[in-house]
Each structure stands twice: as C-alpha cells, then as structure tokens.
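Subject: Structure for your files

Hello,

Here is the structure we talked about, with the sequence. My notes on it follow below.

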Amino acid sequence: MDRVNNPYHDEKVFWPYHKDKALTILRGELPSPSLVEVDPTGEACNQACPHCCFGSSPHRKMVLVDVEMLLGFLKEVYECGTYAFELVGGGEPTNHPRIIDIIRGISLMSNGDSERPHIGLVTNGVRLDRVFPVAELLDFVRVSLDAPDATVYNPAHGLDSGSNHFDKVIGNVKSLVEIVGGERVRIGYLVVPPYNHGRETIRDVVRLADNLGVEHIAFRPAFLADTKTDRVVWKEIAEVVCEVKREYRDGFVLGGIGGSWDYAVGEKSHPTGLCRTRPLVLTIKADGTIPHCFLFRERLAERPAIGHISDGFKEIWFSERHRKLALLAERSHCPEFCKLYRADSALGRLENIIKSSQDIPETADSEVDNPHFI
Ligand code: SF4
C-alpha cells in the first residue's frame, strides 16, 4: 500500500485524531465521527456516468440540501470534535446554487479555540470555476477525471461526442492549480472497463496529470453490481498502474496495489463480522437524511436511516436507536469493497496492541496526507 502522501493509507487510524475515536469505539462507546460526508445535491447531475453509484443523471429532478439546516447541524458536529467535512456526492456538489455559502459557512464554524474545520471537495470539475472565489478555504479538491482525452471521457461520463465537458474540466484544473497551488489538487481515476482501462490510456492520463501540475493521481477499480470484471483483467490493469508508478516521483501515482486493489485482484477476501469503524464517517444526503453509512445511501430499505439533520446531531447520533442500528452493520452484506474494511483491520490491530499491553504506535505526520480525512 502506498503510504507517503496517500490520503487513503491503511494506518491512518493510528494518527492521534482518529486514534482517539477508535479507542472510544473499543470502549464500546460512540465517538463523534472523524469525517462528515455531505451530498449538497442529489438525484440530478450534469453528467450521466453509466457507473454512477448514486444513480444520478440529468433526467432527474435535483434535490438541494437546505443550507441553513445543514450548517446548524454541522456546527453541532464540529463542537463535538469532528474537524473534517467532505462535499462529495449524491449529484455533483458544484451544482448547488449556494455551494459557496456552504464552503464559507463550514469554514466560519471555527471558534479559534479548537482545530479549524477542514474541507474537501470531490467534483467532476465541469463547474469548478464556481468555487474559485472560496478555493483558498478548501484543503483539497479531487477531480474525477477518468480519461486522458474527450474520446475516452465522453462515453465514460455518459456524454455525447460533441460535449465540451472535458475541455472545461482541463481548463478549470489548470486555473485551480494557479489559484491554490498543485499540492491541494488531486485527480481521481475510477477504472471502469471497458471505457478507460487500456495501457496507453493509463499512461496518457498520468502524463496529463503531471502536465497539469496536480499533487497526485489515484487509480481505483470500479466494483459494479451489474458488470463483474474478471480478476485476471484487474491484475493486468494493476500491473500497468504499478509499472507507470515507477516512472514518476514517489506518491504521484497511487493505486494498483493495496486498498481496493487487493479486493479486485483477489488478494483479500470479503470480510465478515460487524463493521466497527462505521461511526468514523457520518453521511448526509441532500434531503437531510443520515443513512446507516455512506455506501448504504441508496439502500435505506436494507438498513434504515439513523435520522435527519433537522433532529440535531447529539439527539440522533448518541441515541439508543443508533446503537441498535449499529448491530446491522454485518459486512457479509456490504459491497465488494469499502474504504472502512482497512480501517476495521487497523482497529483490530489496535485492539491486539492494547490487549498485549504494548505501546500504541503513532502514524508520523509526514506520512499522513489530509490527516483528518479517512
Ligand atoms: S463496511 Fe459496510 S457497514 Fe461499514 S461503512 Fe462499509 S459498507 Fe458501511
């Protein structure tokens, strides 16, 4: 697993901020989450990616989060010791007409006595210019650029061949790098066979990311419910990613090994047992619903929601109802991969260290990228 500069690396749970929360879980209590994932918009999107895990598309009616209600709720979470806020999904976050108010509002929650709020944005980048006036308030921006050119990009994003989205995204990334510096800008590359997994495609997009001056490009395998990709194919793709990685500076190309790749190539089998680290991430859908966890946003019939932001954070998060719902988090019914599978393994190691009365190691600051995010 990549460690240096890798925002997703396995040992993050040992960094003090997360470790305190992990220790709370091991005591059988609920911590305030490490991270809040917010969907500023839902259901509608300006793109129609065939693999969208939210099922969003341009043909649906957009749901917009209520900004005042959201900020009131987040302030309560922040005051309970949560310092990471990611604007991520449902639909495309920058489509919210008040996205600037949301970013500014989160940044203003700080009272000066505690850690400042950290804000990340995950975006398709088409309307990224809308957040330029507040870009300095963002700790990172991850742009989903799953292609090196429009020919690959358009079908992978459900666009017709005349779309200008690819050029817009490239222009916006260049401008953002000029405004905030490349170290805060990342490229996310979801590998979705058959659209964008070819050797030359992967080589070309890494070269493009290097030319754009971003901090890194992270490759992730897409686990699709309806189309299964053979492990042999994933192994070949992983080898290409690792091969290209060796040609660039350390930490610039992420993926191909560790994390989700271990599950795609069959290195690791699907975990079973209760997910204990689920409370490290709280998710808010655009309609204000707080689902059981981020991967069950759209599967509320299987795992009921914890509550709604109008109820207030402390009221629902530390409730008896939430404690009972936690018992539904059996991982054999979870998707093929979840980022918290790794956090749960790290939690198990932490538990063993405590049981054997050894000193608990700490992840060095130099190894942790965007340390408050998990
Ligand atoms: S492991 Fe399962 S319960 Fe836990 S966060 Fe992931 S999808 Fe949710």
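**Helix α2 and its surroundings**

Helix α2 covers residues 67-79, and its 13 residues at 1.5 Å each should span 18 Å; the end C-alpha atoms are 18 Å apart, so expectation and model agree. Please keep in mind that this is a predicted model.

The buried residues in α2 include Leu70, Leu71, Phe73, Leu74, Val77 and Tyr78. They lie on the same side of α2, because the arc they cover around the axis is only 165 degrees. As background, an α-helix has 3.6 residues a turn, so residues three or four places apart point the same way.

What do the buried residues of α2 pack against? Their partners are the strands β1 (35-38), β4 (84-87) and β10 (281-284), together with the helices α3 (99-107) and α9 (313-317). Leu70 gives a single-residue view: beyond its neighbours within four places in sequence, Leu70 contacts Val38, Val65, Ile102, Ile284 and Ile309.

Two residues of α2, Leu70 and Leu74, also appear among the members of the largest nonpolar core that touch the most other members. The others in that group are Val36, Val38, Tyr189 and Ile217, and the core has 96 residues. In general, nonpolar side chains tend to be buried together in soluble globular proteins.

After α2 comes Gly81, with a positive phi near 105 degrees.

**Backbone points to check**

- Pro193 and Pro194 are joined by a cis peptide bond, with omega at about 15 degrees. Pro194 sits in the loop between β7 (185-191) and α6 (199-212).
- Glu43 is not a glycine, yet its phi is positive, near 70 degrees. Glu43 belongs to the loop between β2 (41-42) and β3 (63-64). Glu43 counts as partly exposed because it has 19 C-beta neighbours inside 10 Å, and a residue needs 20 or more to be buried.
- Ser357, also not a glycine, has a positive phi of about 55 degrees. Ser357 is in the segment after α11 (340-355). With 6 other C-beta atoms within 10 Å, Ser357 is exposed.

**Around the ligand**

Which residues are around the ligand? They are Cys275, Arg278, Cys293, Leu295, Phe296, Ala329, Arg331, Cys334, Pro335, Cys338, Leu340 and Tyr341. By class, this shell has 10 nonpolar residues, 2 charged residues and no polar ones.

Regards

Definitions and conventions. Residues numbered from 1 in each chain as written. Predicted model: local features only at pLDDT ≥ 70, side-chain atom pairs only at ≥ 80, totals over all residues. Helix = DSSP H or I, 4+ residues; strand = E, 2+ residues; numbered from the N terminus. Expected span 1.5 Å × (residues − 1). Buried ≥ 20, exposed ≤ 12 C-beta atoms within 10 Å, placed from the backbone. Arc of directions from axis to C-beta. Contact = placed C-beta atoms within 7 Å. Core = buried A, V, L, I, M, F, W, Y, C linked by C-beta atoms within 7 Å. Near = placed C-beta within 6 Å. Nonpolar A, V, L, I, M, F, W, Y, C, P; charged D, E, K, R; others polar.
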